[in-house]
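Colleague: I would like a close look at a single part of this model, with the rest brought in afterwards if it helps.

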Amino acid sequence: MKALPLVLAALLSGTVQAAVYKHVDADGRVTYTNVPIRGSQRLELAPLSSYRPGGVAPSPAAAPRAKDDGGAAARPAPAPSGGGFPQVSADTQKQRDAGRRKILEDELANETRALAEARKALADGEAVRLGNEKNYQKYLDRVQKLKDAVTDREKNVAAIRKELGQP
């Protein structure tokens, strides 16, 4: 019985939508507000959840519109083609791919360098038994950490090479 008022309140409450106004002052500063200012434009905004699966364009009623002082509504931008995702030119995509490849190649060089350092540290660590390692297990634990570091670096190098399409 205590939940009945909550359920009724939830059912009776509608969506709340406040008017939004855009004002550009003499210095070119843009202000968005819910209070109308002289010379401002009222904006009609689409609902927050405007994603349409499958590339279905939103209806004209749901598309954002800006009303100018004359009362004529500005036309909304056409919906992008190809399933609702923006399209880029082939040249732009090639530039993006080249940038990603450069980043991966730099990462590969860094990981290869770190792998060489980890292998050297392992070789040096296996050759020497430290003074505080009178217990043989301490030596084995230290060397195992060095081996794990080498293994991690090898996995990183393999993953980056796979990403780059290298054997």
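How are α2 and α3 oriented to each other, roughly parallel or roughly antiparallel?

Modeller: Bearing in mind that this is a predicted model, I would begin with the geometry of the pair. Two packed helices are described by the angle between their axes and by the distance between those axes. Helix α2 covers residues 90–127 and helix α3 covers residues 136–164, and the two pack at an angle of about 160 degrees with their axes 9 Å apart. Angles over 145 degrees count as roughly antiparallel, and α2 and α3 are therefore roughly antiparallel to each other. The crossing of α2 and α3 is left-handed, and the contact of α2 with α3 comprises, by class, 15 nonpolar, three polar and twelve charged residues.

Turning from the helices to the strands, β1 (residues 20–24) pairs with β2 (residues 30–33) in the antiparallel sense, over four bridges, and V24 has V30 in β2 as its bridge partner. The two strands, β1 and β2, form a hairpin with five residues between them, and in that turn G28 has a positive phi of about 90 degrees.

Within strand β1 lies H23, a residue whose relative accessible area is 16%; since buried means under 20%, H23 is buried. Leaving aside residues up to four places away in sequence, H23 touches R29, V30, T31, I37, R38, G39 and S40, and V30 among them is also the bridge partner of V24.

Methods
Residues numbered from 1 in each chain as written. Predicted model: local features only at pLDDT ≥ 70, side-chain atom pairs only at ≥ 80, totals over all residues. Heavy atoms only, no water. Axes fitted to C-alpha atoms, helices over the stretch in contact; angles between N-to-C directions. Parallel < 35°, antiparallel > 145°, perpendicular 65-115°, else oblique. Left-handed = near helix turned anticlockwise from the far one by under 90°. Nonpolar A, V, L, I, M, F, W, Y, C, P; charged D, E, K, R; others polar. Pairing = 2+ DSSP bridges. Buried < 20%, exposed > 50% of the residue type's maximum accessible area, 1.4 Å probe, protein only. Contact = heavy atoms within 4.5 Å.
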